[in-house]
Amino acid sequence: MSKKLTFPGLKKLLLPRRLDGGAADVAAMRARALFQTPDGAMTERRRSLVEFLKQVALFEGLGRRDLGHVARVVHERDYGDGEYICEEGKPGAALYVVRRGVVEVLRRGAAGREIPLALLEPPASFEEAAAIRTGVVRWFSVRARGPVSLLALGKSDLDALIANFPALANKVLVRLADILALRLQMLIDAENLKE
């Protein structure tokens, strides 16, 4: 049975709506549906890190003990309003999970102007490829909108899980592959919107 992967925490996908209702609109609607938060989405609550990690799509299906191992290797980082978490064209350093606050995903347009693509809120993740391989050049920027708290999982953190908890690391890597495949499909759909 195939399970649909969702991206809880995506606050808003900022794709333009077309008035003619053509095939491009269908692709945009699919992209919006992929990122929308399911009904009854959890509001920000004060929870332990393990309880929070249960909500993250990347760690879905992991038991409390496995989540405890993950909680030991992630790093919490705080950012102020307008501060860039990552910048387009620069290499990625870590996968991030939004714990508190809202971040904006941006891309530079032809004129060098920043174009907003999406708003992410807890428990959304981004920069998944950077957890697998450092030095991957980013195709987008992410900026804090107000005070933000993020969890970071770098390649060295994932390597520590691989060395110490290989079965857990395998589960995380499989989920990373699922998420990256979906993101690739979204990029393809977005590119088709241009045509």
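Here are two short exercises, with worked solutions, on the predicted model shown above.

**Exercise 1. Helices α5 and α6**

Find the angle at which α5 and α6 pack, decide how the two helices are oriented to each other, and list the residues that meet.

*Solution.*
1. Start by locating the helices: α5 covers residues 155–164, and α6 covers residues 166–194.
2. Next, look at the geometry. The helices pack at an angle of about 135°, and their axes lie 6 Å apart.
3. Now classify the angle. Angles over 145 degrees count as roughly antiparallel and 65 to 115 as roughly perpendicular, with oblique for the rest once those under 35 are set aside as roughly parallel. The helices α5 and α6 are therefore oblique to each other.
4. Then pick out the contact residues. From α5 come Leu158, Leu161, Ile162, Ala163 and Asn164, and they meet Pro166, Leu168, Ala169, Val172, Leu173 and Leu176 of α6.
5. Finally, sort this contact by class: ten residues are nonpolar, one is polar and none is charged.

**Exercise 2. Strand β7 and its partners**

Work out how many residues of β7 are buried, and how β2, β3 and β4 pair with this strand.

*Solution.*
1. Take β7 (residues 141–154) by itself: eleven of its 14 residues are buried, leaving the strand mostly covered.
2. Turn to β2 (residues 75–79), which pairs with β7 in the antiparallel sense through five bridges. Here Tyr79 sits opposite Val148 of β7.
3. Go on to β3 (residues 84–86), joined to β7 by two bridges and running antiparallel to it. Tyr84 has Arg143 in β7 as its bridge partner.
4. Finish with β4 (residues 94–108), where eleven bridges make an antiparallel link to β7. Val103 faces Ala144 of β7 as its opposite residue.

Key: Residues numbered from 1 in each chain as written. Predicted model: local features only at pLDDT ≥ 70, side-chain atom pairs only at ≥ 80, totals over all residues. Heavy atoms only, no water. Axes fitted to C-alpha atoms, helices over the stretch in contact; angles between N-to-C directions. Helix = DSSP H or I, 4+ residues; strand = E, 2+ residues; numbered from the N terminus. Contact = heavy atoms within 4.5 Å. Nonpolar A, V, L, I, M, F, W, Y, C, P; charged D, E, K, R; others polar. Buried < 20%, exposed > 50% of the residue type's maximum accessible area, 1.4 Å probe, protein only. Pairing = 2+ DSSP bridges.
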